[in-house]
Amino acid sequence: MKINPYQPDQSGVAYSVGTTLDRFIKFKQSDFPFASGELSQLLRDIALAAKIVNRETNRAGLANIGGAFGQTNVQGEEQQKLDVIANIRFMRALSKGGEVCAIVSEEEDAVIDLKNKSGKYVVAIDPLDGSSNIDVNISIGTIFSIYRRKTPLGSPIQMEDIMQPGSEQVAAGYVLYGSSTMLVYTTGFGVNGFTYETSLGEFFLSHPQIKAPKSGKIYSINEGLEMDWQEGIKNYIDECKAKRYAARYIGSLVADFHRNLLKGGIYLYPATKNNPNGKLRLLYEANALAFIAEQAGAKATDGKSRILDIVPDSLHQRTPLFIGSEEMVDQAIKHIEKSKISATV
Ligand code: P6P
């Protein structure tokens, strides 16, 4: 029997389609010598739900799933139909995947206990952030954090499994439903971005080992709330304007964060009159993006502390968030400290 060694085609007649997310996850599994593939499976489950939500966000206007759902969530915010749909899709994927024991979701008042005695992981998720932009076709996103449960497998879920500081995350990521749909995640070994090829129904590696520029010329903040800002924030934004930086604020955290991560920039959501502890949620927004930011060489703080060091004391607690290029975050903190007023009132 004649056997030949495989010779990769050198003709270039058939271009390479690249590395799929599934294959990348499998390659990277060796980063976790003690993992037996559960985290890999969990990441694939999240990617599957992202594909389904992507399909539904792309056809919202046609399938009568745009607009308000007619209820408010625990945040007191009006739920959009797609908020509810995305929450159902991710909850279903995570519960059926078999790797998760509990879920914290922006759309759920309480912790969802999956009663899964073999589930090693806890997932905190904002199924669809920026949903007020859905009806006007502006980018929106999913944000997720993955933690290992602290208490023994099979025992009842305890709050110590849930209320972990962001530094305990084993993985985190976001999906950006934009001009293209991307999934960006980290497992603590750098940040990698995957772009969804709809014709093949696959995410392909498009942004390997993302590194954030140390500085930038973009600042993202809701200037309509300027009257609420502490002096230090005002002084920092004045400095950005004096340097003729670009103001870019989409009103969708994932989109603003992603652009600033790639191009260099800072996103700021300080304490305001309506949100004296900031608007963004620690468990399923700030922590995930802070983990990604730090893995890409950027920074994330609440104005006093490193976001990843904050020990949560409530499920849906909010935090001021200053996140992006290291030198820009440092400069903003300098102004805050100089004004001697904490970012949280
Ligand atoms: P504001 C969306 O509701 C969100 O949570 C983030 O995605 C976004 O950056 C921010 O709130 C926008 O808030 O108060 O500026 O409209």
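**Entry: Gln 164**

I began with the side chain of Gln 164, and I found that it reaches the backbone oxygen of Asp 161 at 2.8 Å. I note here that I am working with a predicted model. Looking up where this glutamine belongs, I placed Gln 164 in the loop between α4 (159-162) and β7 (169-177). I then asked myself whether Gln 164 is buried or exposed. Its relative accessibility is 2%, and since buried means under 20%, Gln 164 counts as buried.

**Entry: strand β3 and its partners**

I turned next to strand β3, residues 100-105, and wrote down that six of its six residues are buried, so that I could record the strand as mostly covered. Which strands does β3 pair with? With strand β5 (residues 121-129) it runs parallel, joined by five bridges, and in that pairing I saw Ala 102 standing opposite Val 122 of β5. With strand β4 (residues 112-113) the sense is antiparallel and the pairing has two bridges, and there I found Ile 112 of β4 as the bridge partner of Ile 103. I also noted that β3 and β4 make a hairpin, with six residues lying between the two strands.

**Entry: strand β9 between β8 and β10**

I looked up strand β9 (residues 191-197) in the same manner and recorded it as mostly covered, with five of its seven residues buried. On one pairing, strand β8 (residues 181-186) is joined to β9 by five bridges and runs antiparallel to it, and Val 184 stands opposite Gly 193 in β9. The two strands form a hairpin with four residues between them, and in that turn I marked Gly 188, which has a positive phi of about 95°.

On the other pairing, β9 meets strand β10 (residues 202-207) in the antiparallel sense, over five bridges, and the bridge partner of Phe 194 in β10 is Leu 205. Here, too, I found a hairpin with four residues between the strands, and the glycine I marked in the turn is Gly 201, with a positive phi of about 65°.

**Entry: the ligand**

I went on to the ligand, which sits in the largest pocket. Around it I listed Asp 129, Gly 130, Asn 222, Tyr 249, Gly 251, Ser 252, Leu 253, Tyr 267, Tyr 269, Lys 279 and Leu 280. Which residues bring a polar atom to an oxygen atom of the ligand, and at what distance? For Tyr 269 I read 2.6 Å from a polar side-chain atom to an oxygen atom of the ligand, for Leu 253 I read 2.7 Å from a polar backbone atom, and for Lys 279 I read 2.9 Å from an N or O atom in the side chain. I then looked up how much of the ligand is covered, and noted that, taken alone, the ligand exposes 400 Å², of which the protein buries 81%.

**Entry: helix α6**

Leu 253, which I had listed among the residues around the ligand, also led me to helix α6, residues 253-263. Why is this helix largely enclosed by the rest of the structure? Nine of its eleven residues are buried, so I recorded α6 as largely enclosed. The buried ones are Leu 253, Val 254, Ala 255, Asp 256, Phe 257, His 258, Arg 259, Asn 260 and Leu 261. I closed the entry with Gly 264, which follows α6 and has a positive phi, near 95°.

Technical notes: Residues numbered from 1 in each chain as written. Predicted model: local features only at pLDDT ≥ 70, side-chain atom pairs only at ≥ 80, totals over all residues. Heavy atoms only, no water. Buried < 20%, exposed > 50% of the residue type's maximum accessible area, 1.4 Å probe, protein only. Pairing = 2+ DSSP bridges. Near = heavy atom within 4 Å. Polar contact = N/O pair within 3.5 Å; in protein donor to acceptor, adjacent residues only side chain to side chain. Areas by Shrake-Rupley, 256 points an atom, 1.4 Å probe, with all protein chains shown as cover. 1 Å grid on protein atoms, 1.4 Å probe; cavity = no way out; pocket = protein on both sides within 12 Å on 5 of 7 lines; lining within 4 Å. Sits in = over half its atoms within 2 Å of the grid points.
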